[in-house]
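Colleague: I should like to go through this model step by step. Could the structure be shown before the discussion begins?

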Amino acid sequence: MDSCRALSDAERRPYWLDSPDRPEPAPRLRGDVRADLAVVGGGFSGLWTALLAKERDPGRDVVLLEAGTVGWAASGRNGGFCTASLTHGSANGLARWPDEIATLERLGLANLDEIEQTVKRYGIDCSFERTGELQVATEPWQLDEMAAGADLARELGLRLDVLDRDQVRAEVDSPTYIGGHWERDACAMLDPARLAWGLRAACLAAGVRIHERTRVRTITSDLRLVTGNGTVTAAAAALGTGVFSPLLGRLRHFLVPVYDYALMTEPLTADQLAAVGWANRQGVGDMANQFHYYRLTADNRILWGGYDAVYYNGGLIKPEQDQRDATFGKLAEHFYQTFPQLGEVRFSHRWGGVIDTCSRFSAFYGRAHGGRLAYAAGYTGMGVGATRFGANVMLDLLDGEPTERTRLRMVREKPVPFPPEPLRSGVIQLTRWSLARADAAQGRRNLWLRTLDRLGLGFDS
Ligand SMILES: Cc1cc2nc3c(=O)[nH]c(=O)nc-3n(C[C@H](O)[C@H](O)[C@H](O)COP(=O)(O)OP(=O)(O)OC[C@H]3O[C@@H](n4cnc5c(N)ncnc54)[C@H](O)[C@@H]3O)c2cc1C
């Protein structure tokens with residue numbers, strides 16, 4: 001189908017958030033209150049921090065302040081790939097922390113196991129399916145990268161099946177596939193908005209006081225969190241504020257807002273689904289620098305996202321940037337090239353969202369205000385699972401006793417900062433252009449990308 005026609009009825013809002021089950025917002029903060037722990041941000045980062053704080057010490061008085069509504073931002077509009085990796089993939093982790101990668105992989109798998117247990121324990125209805133992830137190669141150069149990835153996975157003891165063209169097409173049938181591998185344990189598919197709302201309900205049941213539509217304007221050095229209609233004076237504070245105007249100036253150097261876009265199809269009919277196979281319902285990602293990610297939903301729609309990772313020069317975050325027709329058109333075209341047998345399927349939703357990208361692609365952590373405030377940010381498009389690990393790191397940092405997590409070099413080190421604007425825009429756009437060229441040139445990386453590789457820097461989503 002022509003992509004214009006296929007998109008003509010697509011709602012311009014995130015599919016997951018477009019649900020009658022969305023909870024009524026909790027009341028705004030009014031007046032001046034005290035708390036043992038104030039959490040800022042009602043995405044996964046803040047929600048996990050508040051819930052884990054209560055699980056560690058049910059007597060702790062916890063307040064969570066959210067500028068919008070819980071899960072409205074990246075946490076409620078993502079692909080729903082809940083990966084075990086804490087390092088934006090094993091290869092990135094190995095390149096940066098070779099001496100720690102085995103520990104990081106073990107901690108990541110344990111974190112995913114604990115997410116699964118939490119979902120069960122609190123009865124969170126978020127369509128959690130631990131199907132694993134299928135990485136597919138669509139160009140010969142990607143097979144070499146895949147072979148290297150398989151060797152690494154074996155060394156780390158991960159469960160990974162290498163699939164040839166026929167085997168990968170027996171899993172999910174696209175004429176564009178030439179090989180693949182299936183990492184079985186290390187990823188679950190879920191409905192991210194329902195996970196956020198379920199964590200919100202679990203927090204409320206545990207006694208966390210949640211205030212939505214309550215933006216924190218400043219945090220003073222003695223930990224007074226100032227909002228429009230009230231203040232919280234806290235013994236400790238945790239920031240799970242993602243990429244939004246940081247309440248700590250130092251974070252500005254490390255984070256850039258990168259927009260990622262996605263489409264959702266209508267539910268597939270039984271015949272349409274049979275034409276693709278996909279009996280094992282894995283999440284799928286291709287191996288290009290500009291990669292696509294896609295998956296089935298509980299009612300057999302296909303979420304289809306990625307490819308363009310857009311940085312708007314100047315780095316401003318604006319609601320109108322959640323929509324980008326040029327990208328939606330490209331994504332629709334790529335969908336039909338990948339699945340020509342689904343030529344009659346139309347799209348029901350199109351949306352975008354902003355990612356907190358840092359130069360090492362995996363989150364960084366720290367403390368401020370005499371060790372009484374902790375932060376975690378920079379998940380770079382892979383935070384659905386890793387935010388829970390980051391929440392534990394923040395609580396460890398606030399407790400002050402070293403733990404296995406806080407001793408990690410990955411936790412102690414910071415990413416290389418981005419240069420200030422306008423140089424920042426120039427560097428990022430040159431990198432994006434170079435990555436697109438590499439995909440068009442059988443993966444060959446130009447001098448600029450090779451230099452960044454040597455410096456351990458890059459741009460990803
Ligand atoms: C389109 C898209 C697809 C993605 N796909 C995946 C995927 O498949 N798998 C994956 O692992 N990751 C994915 N990600 C990334 C993932 O969604 C994020 O890494 C994760 O949700 C980050 O959670 P967070 O809580 O840190 O940030 P957010 O969800 O952005 O939450 C931050 C919250 O803090 C609040 N806040 C900020 N400042 C203040 C303030 N001053 N006062 C009060 N509140 C404040 C904001 O309102 C917001 O609700 C995707 C992201 C996007 C946009």
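The exchange below concerns a predicted model and takes up its ligand, its helices and its backbone.

Colleague: How many residues surround the ligand, and which are the closest?

Modeller: A residue belongs to this group if one of its heavy atoms lies within 4 Å of the ligand. By that criterion the ligand has 37 residues around it. The closest are Glu66, Trp72, Ser75, Phe81 and Val216.

Colleague: How far is an oxygen atom of the ligand from an N or O atom in the side chain of Glu66?

Modeller: A polar contact requires a pair of N or O atoms within 3.5 Å. A nitrogen atom of the ligand lies 3.0 Å from a polar backbone atom of Gly79, and an oxygen atom of the ligand lies 3.1 Å from a polar backbone atom of Gly383. For the side chain of Glu66, the separation from a ligand oxygen is 2.6 Å.

Colleague: What percentage of the ligand's accessible area does the protein cover?

Modeller: On its own, the ligand has 1,000 Å² of accessible area. The part of this area covered by the protein is 97%.

Colleague: Which element gives the largest share of the shell around the ligand?

Modeller: Two elements give two or more residues to the shell, namely α2 (44–56) and β16 (347–357). The largest share is three residues, and the element that supplies them is β16.

Colleague: How many residues of the shell are nonpolar, polar and charged?

Modeller: Glycine counts among the polar residues in this classification. The shell around the ligand then divides into 17 nonpolar, 16 polar and four charged residues.

Colleague: Is α2 parallel or oblique to α10?

Modeller: Helix α10 covers residues 386–399, and its axis is 8 Å from that of α2. The two pack at an angle of about 55°, and their crossing is right-handed. Because of that angle, the relation of α2 to α10 is oblique.

Colleague: Are α2 and α7 roughly parallel or roughly perpendicular to each other?

Modeller: The axes of α2 and helix α7 (residues 192–205) come within 9 Å and cross at roughly 30°. The crossing is left-handed. Angles under 35 degrees count as roughly parallel, and therefore α2 and α7 are roughly parallel.

Colleague: Are α12 and α13 roughly parallel or roughly perpendicular to each other?

Modeller: Helix α13 spans residues 447–455, and its axis comes within 9 Å of that of α12. The pair has a left-handed crossing at roughly 110°. Since angles of 65 to 115 degrees fall in one class, α12 and α13 are roughly perpendicular.

Colleague: Where is Pro422 found?

Modeller: Pro422 is joined to Glu421 by a cis peptide bond, with omega about 5°. Its place is the loop between α11 (409–412) and α12 (423–440).

Colleague: What is the value of phi for His88?

Modeller: His88 is found in the loop between β3 (81–83) and α3 (90–96). Its phi is positive although the residue is not glycine, with a value near 55°.

Conventions:
Residues numbered from 1 in each chain as written. Predicted model: local features only at pLDDT ≥ 70, side-chain atom pairs only at ≥ 80, totals over all residues. Heavy atoms only, no water. Polar contact = N/O pair within 3.5 Å; in protein donor to acceptor, adjacent residues only side chain to side chain. Areas by Shrake-Rupley, 256 points an atom, 1.4 Å probe, with all protein chains shown as cover. Helix = DSSP H or I, 4+ residues; strand = E, 2+ residues; numbered from the N terminus. Axes fitted to C-alpha atoms, helices over the stretch in contact; angles between N-to-C directions. Parallel < 35°, antiparallel > 145°, perpendicular 65-115°, else oblique. Left-handed = near helix turned anticlockwise from the far one by under 90°.
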